Every structure is written in C-alpha cells, then in structure tokens.
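Here are my notes on this model, in the order I'd go through them on screen. Have a look at it first, then read on.

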Amino acid sequence: MEQISKRGEQMKKIHDIQKVSFDKNKLFMKVDGREYTFLLADVSRKLAGASTAEREKYQVSLSGYGISWPLIDEDLSIDGLIGIELRRGKIALGSEGIASR
C-alpha cells in the first residue's frame with residue numbers, strides 16, 4: 001500500500017497501524033493484522049508517566065514506521081516495539097519468517 005507524503009511523493013507503507021489504545025499500565029496495538037500488548041514500563045518511561053490526555057494525543061507516521069506523542073516528546077518505532085515482543089518469547093518466527101503465537 002502506498003501513501004502520498006505532504007510533498008506529493010509516493011511513500012511505501014512499512015506497517016499498517018490499525019489500533020493504538022491504553023489501559024492503565026499497558027499499550028495495546030494492532031499492527032499488520034496482529035495484536036500486541038506491551039507493559040508501558042518496558043517500552044517508555046515517558047508514556048508510563050504520561051496522563052491519559054498525553055497518551056491519547058499521538059500521530060502515526062504516514063509510512064507506518066512509528067508513532068509519535070508530541071505532548072511528551074516521545075517517538076517509538078514499530079519494528080522496535082515488535083522486537084521487544086520477539087525478545088520476550090511471546091512470538092516465535094517460523095521457518096518462513098512469519099510471526100506466530
């Protein structure tokens with residue numbers, strides 16, 4: 001899927017970020033059709049200490065590379081977040097390199 005940048009250039013979409021939400025100390029995301037849950041303390045001290053209003057004010061990059069929270073000056077890459085899940089053993093990569101639970 002391609003998106004158009006502010007300058008009118010075509011951009012290749014890296015990830016399809018479909019959902020971002022919070023519940024107390026957790027971040028929930030749906031990326032590329034897969035659902036992920038992260039403990040905020042594991043991904044960002046800034047998000048862990050942020051108010052509900054600060055957490056809910058985010059921007060997803062056009063390419064799907066990452067998410068930015070401008071009110072707390074925090075940026076997270078999707079690849080970095082998914083890597084946290086892989087290191088925890090929550091998701092194992094199959095022989096085709098496809099993530100599965």
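1. Let's start with A48, which sits in helix 2 (residues 45–48); helices here are DSSP runs of H or I with at least four residues, strands are E runs of at least two, and both are numbered from the N terminus. A48 is partly exposed, at 37% relative accessibility. The cut-offs are under 20% relative accessible area for buried, over 50% for exposed, and partly exposed in between, with a 1.4 Å probe and protein chains only. Leaving aside residues up to four places away in sequence, A48 touches L40, A41 and R55, where a contact means heavy atoms within 4.5 Å. Its C-alpha is also 8.4 Å from that of K26, 22 residues away in sequence.

2. A word on the ground rules. This is a predicted model, so to speak of local features takes a pLDDT of at least 70 and side-chain atom pairs count only at 80 or more, while totals for chains, interfaces and linings use all residues. Residues are numbered from 1 along each chain as its sequence is written, and side-chain values use heavy atoms, with hydrogens and water left out.

3. Now the overall picture. The protein has four helices and 10 strands, and from the N terminus they run β-β-β-β-β-α-α-α-β-β-β-α-β-β. Of its 101 residues, 32% count as buried. Among contacts between residues at least 6 apart in sequence, 36% join residues at least 24 apart. The exposed area is about 6,600 Å², with carbon and sulfur atoms supplying 48% of it; accessible areas come from the Shrake-Rupley method with a 1.4 Å probe, and for residues only the protein chains shown count as cover.

4. Which strands form the open sheet in the order 6-7-8 is easy to trace: there are three of them, with antiparallel pairing. Strand 6 (59–60) and strand 8 (74–77) are the edges, each with a single partner strand, so one side of each has no neighbour in the sheet. Strand 7 (residues 66–69) pairs with strand 8 over four bridges, in the antiparallel sense; pairing here takes at least two DSSP bridges between two strands. Across that pair, I67 stands opposite L76, and S68 faces D75.

5. Strand 8 is worth a look side-on. E74 and L76 point to one face and are buried, whereas D75 and S77 point to the other and are not. That fits the usual pattern, since side chains in a regular strand alternate between the two faces of the sheet.

6. Where are the positive phi values in residues other than glycine? One is at K24, with phi near 55°, in the loop between strand 3 (17–23) and strand 4 (26–31). K24 is exposed, at 70% relative accessibility. Another is D73, with a phi of about 55°. The hairpin of strand 7 and strand 8 has four residues between the strands, and D73 takes its positive phi there; D73 is exposed too, at 56%. I'd flag both since most residues other than glycine have a negative phi.

7. Finally, how many salt bridges are there? The count comes to one, taking a side-chain nitrogen of Lys or Arg within 4 Å of a carboxyl oxygen of Asp or Glu. The side chains of K13 and D16 make it, at 3.8 Å from N to O. K13 is partly exposed at 22% relative accessible area, and D16 is partly exposed at 29%.
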